[in-house]
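Please open the model in a viewer and keep the sequence at hand. The tour below proceeds by selection, each stop stating what is to be found there.

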Amino acid sequence: MIRVGYPAQNLTLPATTNRTLRLAGLEDAEKVRALVWENLLGLETIIRWNAERGLRLFRIGQGLIPFASHPAFPYDWAREHGDDLRELGGLARTLGVRLSMHPAQFINPGSPNPQTAERSLEELRYASRVFDLLGSEDAVVVLHLGGAYDDRPAAVSRFVEALRPEPEILRYLALENDERIWTVAEILQASGPLGIPAIVDNLHHRLNPGGLTLGEALDLALPTWEARGSRPKIHLSSQDPKKRPGAHAYSIEPDDWETVVGALDGRETDVMVEAKGKELAALGVAAGQERRTVASEP
DNA sequence: TTGGGTCAAGGAGTC
DNA sequence: GACTCCTTGACCCAA
C-alpha cells in the first residue's frame, strides 16, 4: 500500500503553519507567542483536514516556531508550547497522519565553516525537539547532504563526523538525493555510517541518476528504513516544462506516477507529493491510487 | 488595501 | 565579484 501527503502548505484551507516575523520582531515576545499559537492551530486544522481525506503525510514548515534555533529567540519555546505540541502529536497519531520537516538549503552540518556547521546543528536540534514533544516516533527530518566543496570524500566525512555525536537528531534524520550534487548511491555513503535512512526523489534522480535506474536506486534506499522500523518514504514530483530542470510542476504527470509505482513493485511506501498544487496534487495521486486498487481487485 | 521591496542563514553555477 | 536560484512565501511599509 502507498500512502501519500504533501508539504508545508494547504491551498484550500485558510490555515497555515508558516506565519513568521522579521528577526527584529523577536523582541516582542507576546507577538511571537501569539504567532506560534496561530501556527500550531493551523497545524491542527491541517492534520484534521488531511485525515478526513485520507492524506496520511504532512510536512510541517520549518518556521512552525520561527527563529526557534536563533540565539535571540525570546523564551523557552519547548516549555511554553510543549503541552500544545504533545496534544497535537497525540491527535496526529490518533488520526494516522505522519509528520516531517525539511530544513532549508542553509542547513549544512558538513560545512567547513564551523559557525555554519554549528548553526545547522542547532536548527536540526530544534526540529528533533519538536518531534520529541509531538511524540512522533515515525517522524522524519529530511536533509540534503549540502555542498561538495571540491572534495567530495572530505565533505561526506565532515557530515558524518558532525552528526555522529547527535543521537537526538539521528533519531529522525533521513538523507535525500539532490538534482545536482549528490546521487542516491552517494548519500548512502553518509547515511550508512550514521545508521539513518535514505530518501529517493524521483525528479532529482532523473536529473542526477549516477548510472542507476529508479528501480536500482529504490533497491538501495528502501532497505535503509528497516533498522528504524518505520515505513520507507520517497519524494514524487514532475518537471514543470516551462521552468528550469528540477522545478516542480503544479501536479503529478500520470507517467511519473506510473514509473514510480512500477519501480516500487508493490513495496510498502509513503510518498511525499512535491507539487505546486500541494494538497490538490496529492489528492490527485491518492485518487489514482484508489482507482488502481479497485481495478486490481478480483 | 495593494504592490513592491525585503527578509537569518549556504553553496553552486553563470556571466 | 555580482547575481540568481533553491523554498513554503510572509511581512512590512509606502502610497
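For the angle quoted at the first stop, axes are lines fitted to C-alpha atoms, for helices over the stretch in contact, and angles run from 0 to 180 degrees between N-to-C directions. The model is a predicted one.

**The helix across the sheet**

Select helix H3, residues 114-134. Helix H3 lies across three strands, namely S3 (98-101), S4 (140-144) and S5. Relative to S3, helix H3 runs at about 165 degrees.

**The sheet**

Now display the strands alone. Eight of them form an open sheet with parallel pairing, in the order S6-S5-S4-S3-S2-S1-S8-S7. Strands S6 (198-199) and S7 stand at the edges with a single partner strand each, so one side of either strand has no neighbour in the sheet. Moving to the S6 edge, select S5, residues 173-176, which pairs with S6 in the parallel sense over two bridges. Which residue of S6 is the bridge partner of Leu 175? The partner is Ala 198.

**An aromatic pair**

Next, select Tyr 6 and Phe 58. The model contains four aromatic pairs, and this is one of them: the ring centres are 5.4 Å apart and the planes meet at 65 degrees, so the pair is edge-to-face. Distant parts of the chain are linked here, since Tyr 6 belongs to strand S1 (residues 2-7) and Phe 58 to strand S2 (residues 57-59), 52 residues apart.

**DNA strand B**

Select DNA strand B together with the protein residues around it. There are 17 such residues, the closest being Arg 22, Leu 23, Ser 111, Ala 148 and Tyr 149. By class, this surface comprises eight nonpolar, six polar and three charged residues. Sugar or phosphate supplies 46% of the strand B atoms within 4 Å of the protein, and bases supply the rest.

Three contacts merit individual inspection:

- Ser 111: an N or O atom of the side chain is 2.7 Å from a phosphate oxygen of DNA strand B.
- Ala 148: a polar backbone atom is 2.7 Å from a phosphate oxygen of DNA strand B.
- Asn 108: a polar side-chain atom lies 3.3 Å from a sugar or linking oxygen of DNA strand B.

**DNA strand C**

Switch the selection to DNA strand C. It is surrounded by 15 residues, of which Arg 19, Thr 20, Arg 22, Arg 244 and Lys 278 come nearest. Of the strand C atoms that come within 4 Å of the protein, 73% are accounted for by sugar and phosphate. The surface near this strand has one nonpolar, seven polar and seven charged residues.

Bases are reached by two side chains that can be selected in turn. A polar side-chain atom of Arg 22 lies 2.3 Å from a base oxygen of DNA strand C, and one of Gln 105 lies 3.1 Å from a base nitrogen of DNA strand C. At the backbone of the strand, a polar side-chain atom of Arg 244 is 2.7 Å from a phosphate oxygen.

**Gln 239 and its surroundings**

From Arg 244, move to Gln 239, in the loop between strand S7 (233-236) and helix H9 (254-264). What does the side chain of Gln 239 reach? It comes to 2.8 Å from the backbone oxygen of Arg 244 and to 2.6 Å from the backbone nitrogen of Gly 246. Beyond its neighbours within four places in sequence, Gln 239 is in contact with several residues, including Leu 203, Arg 206, Pro 245, Ala 247 and Ala 249. Finally, add His 204 to the selection: its C-alpha atom is 9.9 Å from that of Gln 239, with the two positions 35 residues apart along the chain.

Definitions and conventions
Residues numbered from 1 in each chain as written. Chains lettered and ligands numbered in written order. Predicted model: local features only at pLDDT ≥ 70, side-chain atom pairs only at ≥ 80, totals over all residues. Heavy atoms only, no water. Helix = DSSP H or I, 4+ residues; strand = E, 2+ residues; numbered from the N terminus. Contact = heavy atoms within 4.5 Å. Polar contact = N/O pair within 3.5 Å; in protein donor to acceptor, adjacent residues only side chain to side chain. Near = heavy atom within 4 Å. Nonpolar A, V, L, I, M, F, W, Y, C, P; charged D, E, K, R; others polar. Pairing = 2+ DSSP bridges. Phe/Tyr/Trp six-rings, centres within 6.5 Å; stacked < 30°, edge-to-face > 60°.
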